[in-house]
Amino acid sequence: MAIKVVDREERIVPSTVRDITELKRVEEELATAQVEAAQVRKLAAIGKLVVDAAHEVNNRLTAILMASSFALGQIDEGDPCKLDLETINEEALYIRDIVKNLLDFARPSRGRVKEVDLNSVVQSSVALLQHQMELQGIKFRKDYASEALRVMVDENQMSEVFHNLLTNALDAMPQGGCLTIRVRRQNGHATAEFRDTGVGIPPENLNQIFEPFFTTKGDGNGTGLGLSISYNIVNKFGGKIEAESQVGKGSTFIVSLPLAVALSRQCQPMVGQSSKIRILSEGQA
Ligand SMILES: Nc1ncnc2c1ncn2[C@@H]1O[C@H](COP(=O)(O)OP(=O)(O)OP(=O)(O)O)[C@@H](O)[C@H]1O
Ligand SMILES: [Mg+2]
């Protein structure tokens with residue numbers, strides 16, 4: 001069976017899919033691309049909502065800050081209202097920080113991108129949570145690559161991703177367990193794998209965990225933003241996050257990023273690159 005693959009301009013892609021196995025693979029890739037596109041559309045819609053609301057709040061905040069600063073400059077040292085005005089001022093500044101974080105989430109910048117060794121980014125994220133792991137009785141196995149695995153990322157943003165994955169793993173093992181971390185080179189990519197022996201994720205939840213606000217942590221323990229923010233960050237640097245899990249056995253999250261060497265060999269940057277293919281049977285071509 002011969003199948004022609006065409007791009008969105010209806011040009012035939014110079015490869016003919018010859019057997020059903022390959023057709024299946026292309027179909028799976030297409031399905032994954034569609035899920036990813038839906039995720040991006042959802043995030044864009046939420047992003048717009050957040051940006052609009054944040055701008056409104058910011059305008060009002062500027063007015064509050066100006067008025068409170070002006071009033072503070074006018075009143076005497078011993079005035080009983082001084083403390084209240086200072087509180088208004090400090091709290092308004094605090095809200096301004098929250099709004100700024102929301103804007104950063106909705107309009108993520110690429111940040112300060114530079115070449116870093118993935119081993120050391122993972123290591124420093126782990127170091128921050130090592131004490132917590134000991135307290136929870138979690139055994140920790142590490143297997144870092146012996147060579148430097150250079151990737152082009154913003155180190156702070158990638159630390160945020162690893163922090164999210166590690167805290168999720170810790171949350172999944174409240175009675176202790178084992179966390180295995182493996183960093184290695186694989187097909188032109190650097191991968192960081194986090195395997196826990198926690199509660200696991202039911203299959204019906206597995207395709208929702210990267211959606212914003214999806215959480216199973218009740219009582220305000222989770223916002224459900226950790227994985228969607230992580231997904232966005234990794235995607236921005238041309239990488240991907242994959243998850244697999246078995247209820248009662250544990251979960252594995254794998255972050256994969258293009259190696260800087262592989263990136264520099266390509267003529268155009270991978271970041272933000274999107275592709276779309278459509279499959280036609282021979283009669284339609
Ligand atoms: N390692 C894991 N083991 C079991 N479940 C997990 C794991 N990682 C993620 N999950 C599931 O995915 C959901 C979404 O995770 P995500 O990090 O996006 O949000 P959260 O941890 O609930 O809240 P937040 O990260 O905003 O504090 C979690 O509530 C949990 O149900
Ligand atoms: Mg989380």
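This briefing walks through the fold, the core, the helix packing and the ligand shell of the structure above.

The model is a predicted one. The protein has 7 helices and 10 strands, and 21% of its 285 residues count as buried. Among contacts between residues at least 6 apart in sequence, 71% join residues at least 24 apart. Helix 4 is a good place to start, as it gives the largest share of the shell around ligand 1 and also gives the most to the largest nonpolar core.

**Ligand 1**

- The shell around ligand 1 holds 21 residues, and the closest are Ala172, Thr215, Gly222, Gly226 and Leu227.
- Two elements give two or more residues to this shell, namely helix 4 (155–172) and helix 6 (226–236).
- Helix 4 supplies 4 residues, the largest share of the shell.
- If you are thinking about the chemistry of the site, the shell divides into 11 polar, 8 nonpolar and 2 charged residues.

**The largest nonpolar core**

- This core has 33 residues, and those with the most contacts inside it are Leu118, Val122, Val151, Phe162, Leu165 and Leu257.
- Two or more core residues come from each of helix 3 (118–135), strand 5 (150–154), helix 4, strand 6 (177–186), strand 7 (189–196), helix 6 and strand 9 (250–258).
- Helix 4 leads with 6 residues, the most that any element gives to this core.
- Leaving aside residues up to four places away in sequence, Phe162 touches Val121, Val122 and Ser125.

**Helix 3 against helix 4**

- The axes of helix 3 and helix 4 come within 9 Å and cross at roughly 35°, and the crossing is right-handed.
- On the helix 3 side, the contact is made by Val121, Val122, Ser124, Ser125, Val126, Leu128, Leu129, Gln132 and Met133.
- Helix 4 answers with Glu155, Met158, Ser159, Phe162, His163, Leu166 and Leu170.
- Sorted by class, this contact has 10 nonpolar, 5 polar and 1 charged residues.

**Helix 4 against helix 6**

- Helix 4 and helix 6 pack at an angle of about 145°, with their axes 9 Å apart, and helix 4 passes helix 6 in a left-handed crossing.
- Helix 4 brings Gln157, Met158, Glu160, Val161, Asn164, Leu165 and Asn168 to the contact, while helix 6 brings Gly226, Leu227, Ser230, Ile233 and Val234.
- By class, this contact has 6 nonpolar, 5 polar and 1 charged residues.

**Helix 6 itself**

- Helix 6 is mostly covered, with 8 of its 11 residues buried.
- The buried residues in helix 6 are Gly226, Leu227, Ser228, Ile229, Ser230, Tyr231, Asn232 and Ile233.
- Gly226 and Leu227 are also among the closest residues to ligand 1, and both take part in the contact with helix 4.
- After helix 6 comes Gly238, with a positive phi near 80°.

**Ile209, a loop residue**

- Ile209 sits in the loop between helix 5 (203–206) and helix 6.
- Ile209 counts as buried because 21 other C-beta atoms lie within 10 Å, and the cut-off for buried is 20 or more.
- Not counting residues up to four places away in sequence, Ile209 touches Ile201, Phe214, Leu227 and Ala243.
- The C-alpha atoms of Ile209 and Gly224 are separated by 8.0 Å, and these two residues are 15 residues apart along the chain.

Methods
Residues are numbered from 1 along each chain as its sequence is written. Chains are lettered from A and ligands numbered from 1 in the order in which they are written. This is a predicted model: local features need pLDDT of at least 70, side-chain atom pairs count only at pLDDT 80 or more; totals for chains, interfaces and linings use all residues. A residue is near a molecule or strand if its C-beta atom, placed from the backbone, lies within 6 Å of it. Ala, Val, Leu, Ile, Met, Phe, Trp, Tyr, Cys and Pro count as nonpolar, Asp, Glu, Lys and Arg as charged, and the others, Gly among them, as polar. A nonpolar core is a set of buried Ala, Val, Leu, Ile, Met, Phe, Trp, Tyr and Cys residues joined through C-beta atoms within 7 Å. A residue is buried if 20 or more other C-beta atoms lie within 10 Å of its own, exposed if 12 or fewer, and partly exposed in between; C-beta atoms are placed from the backbone. Two residues are in contact if their C-beta atoms, placed from the backbone, lie within 7 Å. Axes are lines fitted to C-alpha atoms, for helices over the stretch in contact, and angles run from 0 to 180 degrees between N-to-C directions. A crossing is left-handed if the near helix is turned anticlockwise from the far one by less than a right angle, and right-handed if clockwise.
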